[in-house]
Each structure stands twice: as structure tokens, then as C-alpha cells.
Amino acid sequence: MSTTNKQTITSGSVHGAGPTDSHVLAQVEQDEKGLSQKAGDTPEITNLGWDESPDFIEDSLVAGLSNEDLWMLIRRFDKQVYRVQAVPDAPVQRLDLTRKDDDEFSPDKLRATLERFYTTIIVGLTNCIKHIARLRSWKEPRRTAAFCTVYLLSWLLDLLVPTMLFALIALVAYPPCRSLMFPPAPIALVNKDTGGVQKPKAGILGSPDSITGAPEKFKGEAAEQEASNLVASVASVAVGSAVGKHDQGVPDDAPLEDDVPDAMEIVSNTADAQTTAHGKVPTDSHDKTRQPMKQSVMDAANVSMKVIGDITDTYEKLGNALSPTTPFPQLTPRLRLVAVLGPALLASTLTSCYVFMKLSTLLIGLAFFGDPVTRRGIIYMNRRFPGWQTLIELQNSLLKGIPTNAQLALTLLRIGEANASPLPPPPTSQDKVPSRPASLHEEELTIGATDEEIKQAALVKPDDHIQEAQDSPEKGHKRTLGSSILGFFRGTTASGVESKRGVDRLRAAIGSHRAKNRVGVLRDRGKRIAPNGPVAFDARCKGKRGTVIIDSTKEPPLLYFTTDTPRKGDAQLEDRKAGSVLFTMPVTDIQEMRKLGGMGWKGKLVVGWALGGKEVVDGLLITGKKPEQSYQLTAMGTRNQLFNRLIAIDGQVWASC
């Protein structure tokens, strides 16, 4: 890897201690180059395929990473990062997107955290469990016999701990050992109980890295959909518990039980209704436990969200240390891990089992009974070495400089900006994914099954197509009293939403600021509006339809909004008509960016239920250094694309909020 810089970071844009490792690595000249890095030879912005079919992009956008992996990283980055603030100093770990202590809680952020936990840790642990099941099943006799022999010899020679540490060092330092010791296999194809082949839960093996094996158009989408459905299912069970569904048992002949709408599907104060039904008064004046318990639950949810986020961060960092992605160092992280495991291996060979057990039980006793000594020791360390607890955290010591997936995605986005070739947004599957099996080479799988057994498990059975056709929405369902009632309320709600939109347009016309921000937030599903990047993005500002443009010909780059319709490739501010520009702002002045919901999460629930053909278009709040530099962009179908360009285009050090 060469150390020649493509360009220097904008003067004055990085505060305090200077740029992070992400800034520096994004501008290092690479020996191997992708499309984005090759485009850096020209000063003008290069369009690498924005709003084009993924088939249009033939080569890798970034060297060392497939386009599908790149798109998966950016797609999950869009879901994970909601709000960022520029901070004056680079953090100890020398990377952006560290969470602030006052990280705010929101239902959307909790959902994103749980989905990330699923796609990162739950899927990984499931894969690990199935590898163990394969070993225990003896369906791969040579591999299991080799593990068994090594284990028995280590046990007989009292070298069990050194052997395990040696195996860990081999897995860390020499990546080919991983596929040799643990040959990969599709997760959904392996039975966790028997270790043999099973029919995937989705009925077809359409994706190798998802638990259900559901079909996917782009890598990672099946696991993301599993995570979304898991969170929704857990939430529905929680709602059902709150409203007392099936309370004290329901008689088989209960009148109207099948016709009355399910309370879990109605947005209302059903918990209060359940309390009232038992003769209690669900008001704050009578129930002094309500508000304290609500606050306790919110505090616990916030703490849990942070703990889950920290666990997921550590898991991702370990994964990126074992399998680094360019431009991050390829060898240094593994050597750092070996430097920790090596002395442990040496110590284990010199320590008998008796001494090991005595030391372990002594440490347990000290931890349990030594609280006074521990407290005094912590007070002394805080006085003598302020901040020592921060320095010994994993992310600031052993895993320092190793990115999470979000930090990796930000660095890749910065590579595109450093080479004047912004990375195109990830494609998404708007249409139904066809039920076809994923590409599979049966002869390369060593899961103790014949090729015919693997094919039978991976392919769709003819009966599955018949059942799928029977369950399709095109087939008419029996209309019940419950569905009629729901249809009535859905129609009434839809009329109310449309009336509210009309009132908002009228209030916006007479100058209401809030009404202006709601104009245009609903549009027909799937409707595409140009322009859509990489320079110009369709949006509204103060209710006016226009375009937000990044003019990279200026130094520093300039962000502005115009009601003028720009020609393709025309981004310069001087070409705009007089009076058409509502605001201008240097990108270096941006101090905070916050993604905003077009109608709030409650409004989205109502619109999603009542207006199936409409979608809510979200917005972006941009705040600068000066108090008057606060601009709210609304009705942005390409909100994430603009956010990703602005977060990567300059040298600010960003913290996640």
C-alpha cells in the first residue's frame, strides 16, 4: 500500500487533534484500484451509475470488495445512522461514529439496533451452533475424527488449554485454516439438532447466509427481512400481552369472537380499555405507579439499547479484525490479537491444572469479597491516572483503529468523495423476489449428505408452488364482519388523512411554517422524481419544490437549494436564476445532520394502514455553525443519498447521537 495522498483534507475542516484514521485511509493511494479509485484522475464529479441497474456496473467500485458486499454495508449504514454531530476532537479510537454519552432513545433507533443485533450476532451464533452440530453428528467422519483425536491426546497430556489457544492463534493468523477446520455451508440447509441436511424453513434455499434460506435479489436482504419480521413479531406479542388477548381463556362458542377485529391490529389505548373492563380506573390521578413504571421501562430500554449496541460493535470489530477490508491494514489487527494469545499460550503450558484452578477460585473470591479494596483502588487510579477506564476499553486498546461495519461504510464513502466519484446508492428489491434456488455447488459441500439429498432440500417442491398460488393475495378471501369493520375504519382514516393534506396545503399557502414542512411528504408508491444525484437531489424547502445541489467546483464545496430546474451536470451557483436560491451553506460549516420522518412514526403507522398505495417521504435537518444556519429539507426520496454524500465529502469528525 502506497502512502501517497490523493488530496489534502480541506483546511480548517478537521478540529482539534486532526483527522481520524478514516479520513487518512480514504485518501491513501492503493496499488489495486476499483472504478471509484480510477475515476479520481479527473477533477469533475464522475457518475458511476446512480439510478442505473446494478447490471450496468460490471467491475468492482472499490478494490478488494465485491459490489454486493459494498451495497450491503451502505444499505445497513442507512438504517443504522440517524443523527450525527461534528465534534472538535478525534476520539481515542481514532474513528468516527462513536456514540455520545447523551445518545437519545427513540422507537426507530431501538428497532434498528435490534435488527442490527440479529443480522450481525444472531445469524453468526446460529452458524456457529450448526458448525458444532455438524462436528458432533459424525456425518463428516474424517473431520470429526481428527477433532476427537486431537482432543483426547490433549486431555491425556494435560494440554487441553494450550491446544485450544494454539487453534485460536492458527485461526486468527492463517485465514485458510478457517475453511479447512470449518468448511462453510448454507446456514438454512443444516439441521441444528442432527447436524445433517434439512429443508430450509422458507421451503427453498434462496440465500446462503440467512436462517430461513428465503430468496433474495441482493446479498444480505433475506437476513435483513428476517430481522424486520422478528422485531415486528416480538412487538405484536408484547401488544397482545398488554391488551390481554385470550385473557383467562376464551370459550369455543364465544359470540362474535371470529368476527370482531383483532385488538393487536388496531392503534388505540387498548391497555387502558382492558383495565377499565376489570372495573379499575386507568388514570394517573388514581394510579401512582403508572408514570414511574413507564419511566423505568424507558430508562431500561435506553440502557438495553446501548448495551446491545456495544455488544454488536465489539462483534463487528472482531470480525473486521479477523477479515480486514481495504483500505484498513490487513495484517496489523491479526498480529495484535496473536500478541495477546501468544503469552496466554506460553503461560498455559507452564501452568498445571491445579494451579490454574486455585488461581481462578482465588480471583472469584477477591471479586466477591474484596469490594472495599477494589473501591479504594479505583479511587486511587482515578486520581493518579484520569481517564484510565476509557483507555482500557476494548475499542480503545486491543480493538483500537478497527472499524465497525458503519465506520467501514463511512470510510468507503469517503474513498468515493476523495476521488470525485461518489459511490452510487445500493439497489433495492421493490418487486417480489422470484422463488429460485441460490447458486449451489453440491460437490463442494462437506455436510455428510449426497448430492441428491442436497438438491432435494434446496429446491422448491412442486407442491410448494401450488400452496403459494393458493395463498396469493389475488385469491378472494371470505369477507367477515371483522374485515368489513376494518374496511370502514380504513376508508374513514384515509379520508381524514386526505382532508388533513388539503388543510396543510391551504395553511402553507398562507404562511404556516409547520404546514409547509408537511407539503409533499405523501406520494404514490414507487413514483420516481428526477433529479436524484449524485450532484442534484429533488427536495422541498419551506414548502417549495426544488433541488438541493452540491457544488464541488467551489473551495470549500457549497450546498444550496434552488427552485430553478438545473440541467444535467449543471451544478454551479452562478448559473441559477436570480431569486431562485433559498439558502447557501459551505459543507465545512455543517455541524449536525438529523434524519427526520416525514410524518413521525405514529403518522407512518396510520398512513401505512389506511393508504396502501402511498408512501411517506422523509426529510433531513442540517444545522451549521451559526444559529441562522438551520435548514429543513422535506419530501426527499433520496434523503439517504444526500446524507451519505454530506457525511463523507469533508473532514468533520462525526459522533453518532
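Buried means under 20% relative accessible area. Val62, at 1%, is therefore buried. The model discussed here is predicted. Its chain has 657 residues, and 39% of them count as buried. The secondary structure comes to 21 helices and twelve strands.

**Overall fold**

- Contacts between residues at least 6 apart in sequence are often long-range: 70% of them join residues at least 24 apart.
- The largest nonpolar core holds 52 residues.
- Phe77, Met593, Leu642 and Ile647 have the most contacts inside that core.
- Helix α15, residues 405-418, gives the most to this core, with seven residues.

**Val62**

- Val62 sits in the loop between α2 (35-38) and α3.
- Its relative accessible area is 1%, so Val62 falls in the buried class.
- Neighbours within four places in sequence aside, Val62 is in contact with Gly34, Gln37, Leu70, Leu412, Ile415 and Leu423.
- Val62 and Lys38 are separated by 24 residues in sequence. Their C-alpha atoms are 9.4 Å apart in space.

**Helices α3 and α21**

- Helix α3 spans residues 67-80, and helix α21 spans residues 639-649.
- The two helices pack at an angle of about 95 degrees, with axes 11 Å apart.
- Angles of 65 to 115 degrees count as roughly perpendicular, so α3 is roughly perpendicular to α21.
- On the α3 side, Ile74, Phe77 and Asp78 make the contact. On the α21 side, Asn640, Phe643, Asn644 and Ile647 do so.
- By class, this contact has four nonpolar, two polar and one charged residues.

**Phe77**

- Phe77 belongs to the α3 side of the contact with α21. Phe77 is also among the residues with the most contacts inside the largest nonpolar core.
- Which residues does Phe77 contact, leaving aside its neighbours within four places in sequence? They are Leu97, Ala406, Ala409, Leu410, Leu413, Phe643, Asn644 and Ile647.
- Ile647 appears both in the α21 side of the helix contact and among the residues with the most contacts inside the largest core.

**Annotated segment**

- An unreviewed UniProt entry annotates residues 144-174 as "transmembrane region".
- In the model, residues 144-174 are 87% helix and 0% strand.
- The end C-alpha atoms of residues 144-174 are 21 Å apart.

Methods. Residues numbered from 1 in each chain as written. Predicted model: local features only at pLDDT ≥ 70, side-chain atom pairs only at ≥ 80, totals over all residues. Heavy atoms only, no water. Axes fitted to C-alpha atoms, helices over the stretch in contact; angles between N-to-C directions. Helix = DSSP H or I, 4+ residues; strand = E, 2+ residues; numbered from the N terminus. Parallel < 35°, antiparallel > 145°, perpendicular 65-115°, else oblique. Contact = heavy atoms within 4.5 Å. Nonpolar A, V, L, I, M, F, W, Y, C, P; charged D, E, K, R; others polar. UniProt positions renumbered as here; feature names shortened; annotations may be inferred. Core = buried A, V, L, I, M, F, W, Y, C linked by side-chain atoms within 4.5 Å. Buried < 20%, exposed > 50% of the residue type's maximum accessible area, 1.4 Å probe, protein only.
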